[in-house]
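Colleague: I've got a few things to ask about this one. Can you put it up so we can go through it together?

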Amino acid sequence: MIFNSVTYIIFLFLAVVLYWILPLRFGRVLLVVGSLVFYGFWRFEFIPLLIIAAIVDYWCSIQIEKREEPKSRLHFLIFSLCINLGILFYFKYLLFFADNVVWALNIFGMHVQIPHLNIILPLGISFYTFETISYTVDVYRKHIKAERNFINYATFLVYFPHLIAGPVLRASEILPQLRTKKKFENEFVITGIKRIIQGLFLKVVLADNIAEFVNEGFALNPTALSAIDILTLSFMFGLQIYFDFSAYSHIAIGSAKMMGINFPENFNFPYSATSFREFWKRWHISLSSWIRDYLYLPIMKTKVISDGGTGIGNVLNDNQPKRNKNVALFLTWSIMGLWHGANWTFIFWGVYHASFIFIERLIFKWRGKPENKNWMRSIVNWAVVIPIAMLSWIPFRASTMSITWVMYSKLFNPKNYTFLGMKENIYIVCALLFFFMTMLYLYKTYVNQKIQKLKSISFILNVSVYTVMIILVFTFLRPISQFIYFQF
Amino acid sequence: MNNVLKYKGLFELLVSFILALVLVLTLFHETTNFENMALGVYTKTYFGKVNDTPIHSMGLRKMKEIIKGSNDRALKDIVLVLGNSQTHSINQMKKGDITFPELLADSLNKKSIDIIASSVPNATMEDFYLLYKSWSSYLNIKMVILPIFLDDTREDGIQTVFYNEVKSFRISDTNTLARKINGELQKTESTATTDLAALHQTFQERTENSLDLYLDKNFIPWHYRPNIRGQFFSDLYKLRNTVLGIDAKTKRGVIKDIYKENIKALNYLLDDCQSKKIKVLVYIPPLRNDYEIPYYRNEYITFKREIEAISKKHDAEFMNVEDAVPNKYWGFKGTRTFRGLLDIDFMHFQYPGHIIMADSLQSKIEKMIKQ
């Protein structure tokens, strides 16, 4: 089921009412059944996959916990990983892998043909696979206890708000919330509705309308575009994907909140970042931290410990060989890219980010990390980091690497800065959106708290903002496009 | 005080919802025809008829009636007139005014030449290609009249909304343009409405469609939604024009790639006509010259030369009628800014302009049909 639809609004209303009416035990069953119905509205034939993932990890984690012998524990972990990654590989990477093997064999003169495979990518598979992996790994690491109640575990895995496009949740964050039911508070519903309105506004008013400009721009012949066009398109797609994905997170967080369940935040004004490290602390936070805890740190052979709270901390070993750190960086980011999609463009996108994080590390090493925040330096850093981060979206959106190269090559020829190759509106819309987004960040950071203290002004302001958002959401609420992250 | 604070959020939301509903009901209750909004209040559309049977349609609307009418008339030669809003609009229209396709039909039908016309606002060459292929697959077209507007080469793709009536139509050619257009038509055909594009072939497509229809019938504000959307974009457009000082006189430049795509489509169309021995009259349409034209002179000159060269290459007749309609037969349109009332209309002329156009085309058509 798609969030930006009337069907979802009705579904959510029923789910929330029944959840609060029913006793906890039935409430959880309702959430599992409701989530499967939610998923089945897209394609019911993939529901068994979800159930398999839930059963395998539920069973494996209990087996891991029962055993003390490390080898035996490891066998069950590997078994779970094989099943989860095997399913993911089949549905997401088999065609890509086969194409590349055939291409490589052709280079060596062996002409092989593969039969035509029509594999449909199940929605949300990358998200729920990562969630189930993290759960089993956490049990293996003894950071959490295995869940003995299957319905509890299944609820965590298939819970509809996060099922299709995250946030990538940790069992330690959600399972305790599912075991008990909070006392109903108005605030849950009000905060939830507000987050959903914000999310729908970002999706149906901003992202979907920006998409028309982006689609039109990327449909043009890249050789006819100017450098300014490339920059504009990268900013526009950067804004579209941000609004689109953060919209999903807002709606997911809001939907869960209506049932008194707290999801972690997934975005925090990423385009206000003044470094690449900061960018990744603000963008798709749940995935970045997952990658850090379950890929980057293990590759670096760093001991990972539970911080006792919701997330996982880590012990960084200062004696860690530097090579390991850099290898881990590039390897992790390549996998991060590949997670987004089975295409070289995504791998390139990952390596692009790894390269700039690497460069940033070198700069910090050379100049030392700035101790005090200096606003002038922050602005300069922001002005450098954001265009580079935006340009990383080119391979993300371009269909092939060759188009990516053509587009990037435009940036290095001064002549390409002397003309415009798209309709004028796109430049105006891009500049305005970026300006207002930056203003909103400054307002939220420096003004909002002071305003909220002034009761009547904040009331008028909030009512005005929500009235406009409700009218626009009401007007534009149409499932004309899926969320971009559905394809991952 | 604590209770007030406790319910502050709820109160805020309730007031917002009520205000939103009141605003929707009071501000947006009129239905505007956004399709013709760009024409302004002084220009009206007119689609020609012969003996009460339509001969001219917006896109492919009324296609069946037009084909039936043509078959009933059973005239020897059929001429297809393509165009944009210039073809189906009259500035300062008075009772009894008609557009040039009907004027042509009135005089040419007697000479056993049938006229059918098909036009869409801001028609791209891809639109023309699709219109031409559609009509020629149902009627034995002898000649095509093709106006090329520099303004419209800034637009790209096809405007599927004008082809809904023949969604199942596919171009039989295998060239890239035909494949692209067929893809667009396929997308339009396979989705219940474009509003549900994301739900294509899912169970939710059915529920959402039913809910949408139910709300449209039973919840008045829901019915206004397309109108509010149109109003919203129209106001944004006006705001842009007001802030940036854009009006009808503002120069609009050629957008290289979109222009190229249009020229490519034109070449496909002319290739097809040439191979089927369908005569083509390409013309540079009238443009008022009492004001500085809204194009860059050098681009306009290059454009005219290029169209002439392409026409010659395909053995098509070329005619430049840019000065044919005297300045007194043009007019004004409502401004599309928040300032002032009137703006210059560079696209739509008055009824005498249509008479002049019909005269200019009539002799040319007769001559070419006889050849």
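Colleague: Let's start with Phe269(A): buried or exposed?

Modeller: Keep in mind that this is a predicted model. Phe269(A) sits in the loop between helix 10 (227–257) and helix 11 (276–282) of chain A, and its phi is positive, about 45°, although it is not a glycine. Buried means under 20% relative accessible area. Phe269(A) has 18%, so it counts as buried.

Colleague: And Asp315(B), is that one buried or exposed?

Modeller: Asp315(B) is a residue other than glycine with a positive phi, near 60°. Its place is the loop between helix 9 (297–313) and strand 10 (317–320) of chain B. The cut-off for exposed is over 50%. With a relative accessible area of 66%, Asp315(B) is exposed.

Colleague: How many disulfides does the structure hold over all chains?

Modeller: A disulfide needs two cysteine sulfur atoms within 2.5 Å. Take Cys82(A): the closest cysteine sulfur belongs to Cys60(A) and is 10.0 Å away, so that is too far for a bond. Over all chains, the number of disulfides is zero.

Colleague: Then salt bridges. Which parts of chain A does the pair Arg148(A) and Glu65(A) tie together?

Modeller: The two side chains meet in a salt bridge, 2.7 Å from N to O. Because Arg148(A) is in the loop between helix 5 (125–140) and helix 6 (150–158) and Glu65(A) is in helix 3 (residues 47–66), the pair ties together parts that are 83 residues apart in sequence. Arg148(A) is partly exposed at 45%, and Glu65(A) is partly exposed too, at 23%. In short, the parts are the loop between helix 5 and helix 6, and helix 3.

Colleague: In the salt bridge of Asp293(A) and Arg292(A), which residue is buried?

Modeller: Their side chains come to 2.8 Å, N to O. Arg292(A) has a relative accessible area of 32%, so it is partly exposed. The other partner has 0%, so the buried one is Asp293(A).

Colleague: Which residues are linked with Glu216(A) in a network of salt bridges?

Modeller: The count comes to 33 salt bridges over all chains, and some of them link up into a network with members in chain A and chain B. Besides Glu216(A), the residues are Lys423(A), Glu155(B) and Asp156(B).

Colleague: Last one: how far apart are the centres of the positive and negative side chains in chain B?

Modeller: Chain B has 371 residues, and 53% of them count as buried. Its charged side chains are 50 positive and 45 negative. The centres of those two sets lie apart by 1 Å.

Definitions and conventions
Residues numbered from 1 in each chain as written. Chains lettered and ligands numbered in written order. Predicted model: local features only at pLDDT ≥ 70, side-chain atom pairs only at ≥ 80, totals over all residues. Heavy atoms only, no water. Helix = DSSP H or I, 4+ residues; strand = E, 2+ residues; numbered from the N terminus. Buried < 20%, exposed > 50% of the residue type's maximum accessible area, 1.4 Å probe, protein only. Lys, Arg positive; Asp, Glu negative; His and termini not counted. Charge placed at Lys NZ, Arg CZ, Asp CG, Glu CD. Salt bridge = Lys/Arg side-chain N within 4 Å of Asp/Glu carboxyl O.
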